[in-house]
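Me: I am new to this structure and would like a close look at one part of it. Please start from a single residue and work outwards.
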Amino acid sequence: MGVIKRCYEYAQLTEGAFDITVSPLLERWGIYKGTLKEVREDKLLSLLQAVSYKNIEIDDNDKLISFTHKQTKIDLGPVIRGYAVDRALELFKESGVSKVCINYGSITRMIEPPSEKNSWKVGILHPVKENSVIGSLQLVDRGVAFVADYPRYTTVQDRFSLHFINPKTGKPVKNGNLAVTAMAGTAEEAGVLATILFIHGAEDIQRFSAILPEKEWLLLSEKQKGDIEFQMSSGMEKRFTKGEEKIFKFGKGSGCPFSP
């Protein structure tokens, strides 16, 4: 209940830029089955009626969630992994363990740094080169989320389509963004911010300061083939070190801590 209520608030404050009711679109486009399908415009317009956080009704007294549209469904993917990481970290803290870094599904959060270190070194997966990172972050007590569109689908009717769907247009995202790294006070908030940035870009990011005051971000995009452009917040500039590395000490993928 608490997670869904927060998701509703995220949607309200971002005017639908983040919306967990995107599930019918993900299902229709074939995202869940990994086989992208074509969707006719008339079918898309009909389906968009089901995609709105305003279709969610929350009854606090009965602890009941309901939908005003029969086709409305929710997908908590960007949030639930971050929530799980945050909750796991709380359990470690309650048990007296403080030197912890947890990575789950490209979402990471850590508390105190490892022994004899000032911070955790966290890798950012290269958006094009396999088994390589494009840079790293030095972090303590932060939540970090990594969102990227690595090759998963073939073209649909000669049009390359990504596996992220814009909840406002109902269509796959095709904006040139390759990957986003978002940082916030919690892993859950970082997951929300990363999703918003990947779909909508960085132009309106200041609008979200009210709900994510501790936000920092890095956006990688492709302006020319093979040429990666870096855009980042001022706070991220102080934490990000550009440079490719290949060997991870504890695992592979974005968010995995690896040896200096």
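Is Phe164 buried or exposed, and what is its relative accessible area?

Reply: Phe164 is buried, with a relative accessible area of 15%. Buried means under 20% relative accessible area, exposed over 50% and partly exposed in between, with a 1.4 Å probe and protein chains only. The model is predicted, so local features need pLDDT of at least 70 and side-chain atom pairs count only at pLDDT 80 or more, while totals for chains, interfaces and linings use all residues. Residues are numbered from 1 along each chain as its sequence is written, and side-chain values use heavy atoms, with hydrogens and water left out.

Phe164 belongs to the largest nonpolar core, which has 23 residues. Such a core is a set of buried Ala, Val, Leu, Ile, Met, Phe, Trp, Tyr and Cys residues joined through side-chain atoms within 4.5 Å. Phe164, Val180, Ala194, Leu197 and Phe198 touch the most other members. The elements giving two or more residues to this core are α4, β7, β8, α5 and β9; here helices (H or I, at least four residues) and strands (E, at least two) are DSSP runs, numbered from the N terminus. With seven residues, α5 gives the most. A second, separate core has 19 residues, among them Trp120, Val122, Ile124 and Leu178.

Next come the aromatic rings. The whole structure holds four aromatic pairs. Rings of Phe, Tyr and Trp (its six-membered ring) pair if their centres lie within 6.5 Å; planes under 30 degrees apart count as stacked, over 60 as edge-to-face and the rest as tilted. One of the pairs is Tyr8 with Tyr53, edge-to-face at 5.5 Å centre to centre and 75 degrees between the planes. Tyr8 is in helix α1 (residues 2-13) and Tyr53 is in the loop between α3 (41-47) and β1 (56-59), 45 residues apart. Tyr8 is partly exposed at 21% relative accessible area, whereas Tyr53 counts as buried at 13%.

Phe164 forms a pair too. Its ring centre is 4.5 Å from that of Phe198, and the planes stand at 40 degrees, so the pair is tilted. This pair links distant parts of the chain: Phe164 sits in the loop between β7 and β8, and Phe198 in helix α5, 34 residues apart. Phe198 is buried, with a relative accessible area of 0%.

The strands on either side of that loop belong to an open sheet of six strands, in the order β3-β4-β7-β8-β9-β10 with antiparallel pairing. Two strands pair if DSSP finds at least two bridges between them. Because β3 (101-104) and β10 (227-232) each have a single partner strand, one side of each has no neighbour in the sheet. The twist averages 15 degrees from one strand to the next.

β8 (residues 177-184) is joined to β9 (residues 216-224) by six bridges. Val180, already met in the core, stands opposite Leu219 in β9. Helix α4 (residues 77-94) packs on the sheet and touches β3 and β4 (107-110), its direction making about 25 degrees with that of β4. Contact means heavy atoms within 4.5 Å. Helix α5 (residues 187-200) lies across β4, β7 (143-148), β8 and β9, running at about 150 degrees to β8. Axes are lines fitted to C-alpha atoms, for helices over the stretch in contact, and angles run from 0 to 180 degrees between N-to-C directions.
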